Amino acid sequence: MLNRIIKNILYLAVLVLIQVLIVKNINLGAYIHPFLYVLFILMLPFDTPKWLLLVSGFVLGIFMDMFYDTQGMHAAACVFMAYCRPWVRGIFAPHGGYDLDSYPTVLYMGWGWFLSYGFVLILLHHLLLFYIEAAQFDKFFSTLLRVLLSTISSLLFVVVGQFLFYRKKGK
């Protein structure tokens with residue numbers, strides 16, 4: 001258990017550093033903003049308690065807010081994503097259920113499941129993040145385009161990132 005906690009803390013630190021030092025500096029235009037750091041919430045083990053999901057989302061979001069100078073927007077979006085994760089997981093649950101000691105990876109759950117699960121959670125994160133940032137309904141459609149393009153780019157980054165961090169099946 002302690003080994004798993006230490007591993008997740010290191011994983012969080014690495015994702016934050018990659019996001020801040022590399023991904024943040026990738027310029028894909030005004031409408032595309034990939035966020036690799038959401039991979040941390042997506043990839044927590046299935047048996048992670050709900051309270052720990054929320055705390056993890058808050059801590060991750062606060063780190064992002066410090067580096068992006070966004071005064072709680074990332075924290076709100078990450079907590080919302082963590083809050084929705086059990087619900088989304090339930091929607092996409094396989095007939096036999098989940099192996100609770102495993103991780104939600106492409107290798108373990110398959111492409112269809114992972115892309116659906118990842119897309120919905122990243123979309124929910126981005127909807128809240130970008131609409132809080134816009135704070136205006138006159139920019140509804142341009143913000144929606146930004147949400148959709150950023151969700152797709154983030155999902156691509158997440159798929160590549162999870163292959164870098166999770167090479168073994170289910171772990």
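**Pockets of the predicted model**

Helix α1 is the element that contributes most to the lining of the largest pocket, with five residues. The structure is a predicted model, in which local features need pLDDT of at least 70, side-chain atom pairs count only at pLDDT 80 or more, and totals for chains, interfaces and linings use all residues. Residues are numbered from 1 along each chain as its sequence is written, and side-chain values use heavy atoms, with hydrogens and water left out.

The largest pocket (an open set of points on a 1 Å grid over the protein atoms alone, where a 1.4 Å probe fits, with protein on both sides within 12 Å along at least five of seven lines) has a volume of about 390 Å³, taken as the space filled by probe spheres set on the points, which are joined across faces, edges and corners. Its lining (residues with an atom within 4 Å of a point) comprises 16 residues, of which I5, N8, L44, L52 and S56 are closest to the centre. Two or more lining residues come from each of α1 (2-21) and α3 (50-68); helices are DSSP runs of H or I with at least four residues, numbered from the N terminus. The lining holds eleven nonpolar, three polar and two charged residues, where Ala, Val, Leu, Ile, Met, Phe, Trp, Tyr, Cys and Pro count as nonpolar, Asp, Glu, Lys and Arg as charged, and the others, Gly among them, as polar.

The second largest pocket contains about 260 Å³ of space. Among its 19 lining residues, H33, F35, Y68, F130 and R146 lie nearest the centre. The elements giving two or more residues to this lining are α4 (73-91) and α6 (111-134), and α6 gives the most, with three. By class, ten residues of the lining are nonpolar, six polar and three charged.
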